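User: I'm new to reading protein models and I'd like a close look at one part of this one. Could you walk me through a single helix and what it packs against?

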Amino acid sequence: MIKYANPSQYDVGKGGVRMTLDYSLIGVRIKKRRKSLNLTQEQIAERVDISNQHMSNIERAKSIPSTETIMKLAAALDTTPDEFLVGSGKWPGEEWKAVADKLRALDGRQLELVSDFVDWVAAHKL
């Protein structure tokens, strides 16, 4: 399923369009992505070069991450910053990424079966 940004996150005013961010949701999204990859806060903090406490504070919305930290977190968690900021890490034409995420947990035999199935589906043009 493709999720797009919530229009209520944008404020159109005299100075143009301004996006309002919910740091609690950003923290929840970061935590959810980290857990989906079976990574600890410590592992991500090390990859992003921040303290374990700062990582914990970001996930609990006790600290506001800088733009640079958001970018580093996205890279460390193999996603895009918009997944954290607006909850939309999937763009049209990139539906395959959701499938790729599911493949991470599979062992060699399971991956072989999935590969065979994908070959079959491609051959039958379903």
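Analyst: Here is a walk around helix H2 and its surroundings.

A quick word on the ground rules. This is a predicted model, so local features need pLDDT of at least 70 and side-chain atom pairs count only at pLDDT 80 or more, while totals for chains, interfaces and linings use all residues. Residues are numbered from 1 along each chain as its sequence is written, and side-chain values use heavy atoms, with hydrogens and water left out.

Let's start with H2 itself, which covers residues 41–48. Helices here are DSSP runs (H or I, at least four residues), numbered from the N terminus. Which residues of H2 are buried? They are Gln41, Ile44, Ala45 and Val48, where buried means under 20% relative accessible area, exposed means over 50% and partly exposed is in between, using a 1.4 Å probe and protein chains only. These buried residues sit on the same side of H2, because they cover an arc of only 100° around the axis; the arc is that of the directions from the helix axis to the C-beta atoms. Turn to the face pointing away from that side, and you'll find the exposed Glu46 and Arg47. Just past the end of H2, Asp49 takes a positive phi of about 65°.

So what does the buried side of H2 pack against? Its partners are H1, H3 and H4, with contact meaning heavy atoms within 4.5 Å.

Take H3 first, which spans residues 52–59. Two packed helices are described by the angle between their axes and the distance between the axes. For H2 and H3 the angle is about 110° and the axes are 8 Å apart. The axes are lines fitted to C-alpha atoms, for helices over the stretch in contact, and angles run from 0 to 180 degrees between N-to-C directions. H2 and H3 are therefore roughly perpendicular to each other, since 65 to 115 degrees counts as roughly perpendicular, under 35 as roughly parallel, over 145 as roughly antiparallel and the rest as oblique. On the H2 side, Gln41, Glu42, Ile44 and Ala45 do the meeting; on the H3 side it's Asn52, Met55, Ser56 and Glu59. Sorted by class, the residues of this contact are three nonpolar, three polar and two charged. For that sorting, Ala, Val, Leu, Ile, Met, Phe, Trp, Tyr, Cys and Pro count as nonpolar, Asp, Glu, Lys and Arg as charged, and the others, Gly among them, as polar.

Zoom in on Ser56, which lies in H3. Ser56 counts as buried, at 14% relative accessibility. The C-alpha atoms of Ser56 and Gln41 are separated by 6.8 Å, although these residues are 15 apart along the chain.

Now for H1, residues 23–36, which also packs against H3: their axes come within 7 Å and cross at roughly 115°. Here Gly27, Val28, Ile30, Lys31 and Arg34 in H1 meet Met55, Ile58 and Glu59 in H3. This contact has four nonpolar, one polar and three charged residues.

Arg34 in H1 is a nice place to finish. Is it buried or exposed? Arg34 counts as buried, at 7% relative accessibility. Leaving aside neighbours within four places in sequence, Arg34 is in contact with Leu39, Thr40, Gln41, Ile44, Glu59 and Leu77. Two names there should ring a bell: Gln41 and Ile44 belong to the buried residues of H2.
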